[in-house]
Amino acid sequence: MNFKKKFALLGTTALLAVGLMAGCSDSKNDASDSEVLTVWGMGDEVKQLPKMAEEFTKETGIEVKIQAIPWASAHDKLLTAVASKEGPDVLQMGTTWMPEFQEAGALADMGPFIDKNDHLKPENFFEGSVETTKFDDKYYGIPWAAETRVLFYRTDILESVGYKEAPKTWAELEDAAKKLSERGDNMYGLNVDSKEQTLGFMFARQNGSELLSDKEEARFNQAPFVEAVTFLNDMIQKGYAPKQDLGMDVSQTFSGDAIVPLFISGPWMVKTVNDTVPDIEGKWATAVLPAGKDNNDSSLGGSNLTIFEHSKKKDQAAQFIDFMVSKENQLKWLELTNAMPTVKEAWKDEKLAGDPLYEVFGAQMENSHPMPLIPEFEEIAQNYLKHFEKIYLGGADVQTEMDAFNAESEKVLSK
């Protein structure tokens with residue numbers, strides 16, 4: 001079954017749900033809602049959005065109604081909105097959901113609004129963030145919040161094994177992890193997070209893998225991908241990384257003598273380390289990822305602001321998005337939520353450029369790209385984790401498992 005047919009079936013179910021909800025609701029509508037710009041945002045951080053909306057209203061006179069939606073229920077709510085053609089004017093869209101909802105016709109072409117609003121120009125944003133908005137040479141969203149992965153490390157412990165700076169290559173990363181694992185029993189160098197679905201793909205890209213061909217054919221059993229998986233598996237098999245989940249959080253693994261002094265994570269972890277790991281101030285840092293034979297590419301996620309295709313207030317919606325992605329308001333949003341800006345100019349501000357922990361994320365975003373922007377990628381990524389578990393935990397042959405994974409992915413892509 002192809003994607004459009006699958007979406008049509010889901011949409012029919014969602015439309016029935018709309019009818020049932022309408023039958024149970026009060027028939028009186030708030031007439032003022034027709035004059036208000038509606039914005040749907042996802043997650044707890046959107047609870048801060050009314051503060052920004054108030055400033056927008058003062059500046060433009062346009063009233064804004066914010067609805068915060070938990071990520072767990074957001075996908076079904078969006079399906080319902082698409083099926084009924086009744087939804088918000090502005091919609092926060094996770095980057096990995098963009099292909100699905102763009103293909104379903106839910107997102108407005110931003111081209112006409114980009115031409116009229118200076119803050120919306122693609123050149124204002126990191127290239128990787130722009131990639132998540134572009135389909136068939138048209139833009140269907142504006143980058144809003146970004147996340148990428150960098151290396152976190154204990155500077156004092158790494159120096160104790162001869163590294164005054166973070167590893168810059170895979171060879172240095174393996175050497176440092178080896179030396180760190182030799183500090184004693186149950187001590188390791190690097191955490192290879194076996195539940196992080198982007199990690200293997202990220203390392204494969206660093207090794208020159210294209211992941212998918214131009215025709216969206218899987219390339220997961222070719223040498224660059226297989227070598228990357230082998231590299232990660234070797235880290236675990238040689239004892240440089242834990243084989244099993246240690247059942248500890250970063251406050252335990254990164255503190256004191258640091259059971260695991262190196263790990264890869266996103267910007268949210270800066271606050272977590274500062275808040276929960278005692279007595280290591282000045283003893284840890286972040287760094288861009290070590291490079292494989294091709295690059296040091298990292299994964300890029302986050303969210304975009306989009307206009308709902310069925311909105312009757314597209315011009316006002318574009319005005320709101322233009323307001324939200326100005327440099328000044330990207331920095332205000334950073335203060336309110338710790339969300340990383342997508343606007344390149346924001347990273348020159350002292351709030352970021354003057355913070356050695358955060359400025360690394362800006363540097364890494366110059367070499368960060370989203371995972372393949374196809375609706376099937378989530379299923380493919382979950383399947384990868386199952387095959388990787390058979391390798392690192394079950395001792396299966398890497399090439400054999402990647403052959404199986406590639407064949408499985410081809411079936412997913414051809415549905």
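Start with helix 17 and helix 18, which run roughly antiparallel to each other in this predicted model. Select residues 377-392 for helix 17 and residues 398-414 for helix 18. The two pack at an angle of about 160 degrees, and since anything over 145 counts as roughly antiparallel, that explains the label. Their axes sit 10 Å apart, and the crossing is right-handed.

Now show side chains where the two helices meet. On helix 17, pick Glu379, Ile380, Asn383, Tyr384, His387, Lys390 and Ile391. Across from them on helix 18 you'll find Val398, Glu401, Met402, Ala404, Phe405, Glu408, Ser409, Val412 and Leu413. Colour this contact by class and you get 9 nonpolar, 3 polar and 4 charged residues.

Stay on helix 18 and click Gln399. Is Gln399 buried or exposed? Neither quite: Gln399 is partly exposed, because its relative accessible area is 32%. Next, add Asn221 to the selection: Gln399 and Asn221 are 178 residues apart in sequence, yet their C-alpha atoms are 6.7 Å apart in space. Leaving aside neighbours within four places in sequence, Gln399 is in contact with Asn221 and Val226, so bring up Val226 too.

Last stop: jump to helix 14, residues 327-337, and select Thr337. Which backbone oxygen does the Thr337 side chain reach? That of Trp333, at 2.8 Å. Then look at Ala339, whose backbone nitrogen lies 3.2 Å from a polar atom of the Thr337 side chain. To finish, show Glu45 and Gln48: both are in contact with Thr337, once its neighbours within four places in sequence are left aside.

Key: Residues numbered from 1 in each chain as written. Predicted model: local features only at pLDDT ≥ 70, side-chain atom pairs only at ≥ 80, totals over all residues. Heavy atoms only, no water. Helix = DSSP H or I, 4+ residues; strand = E, 2+ residues; numbered from the N terminus. Polar contact = N/O pair within 3.5 Å; in protein donor to acceptor, adjacent residues only side chain to side chain. Contact = heavy atoms within 4.5 Å. Axes fitted to C-alpha atoms, helices over the stretch in contact; angles between N-to-C directions. Parallel < 35°, antiparallel > 145°, perpendicular 65-115°, else oblique. Left-handed = near helix turned anticlockwise from the far one by under 90°. Nonpolar A, V, L, I, M, F, W, Y, C, P; charged D, E, K, R; others polar. Buried < 20%, exposed > 50% of the residue type's maximum accessible area, 1.4 Å probe, protein only.
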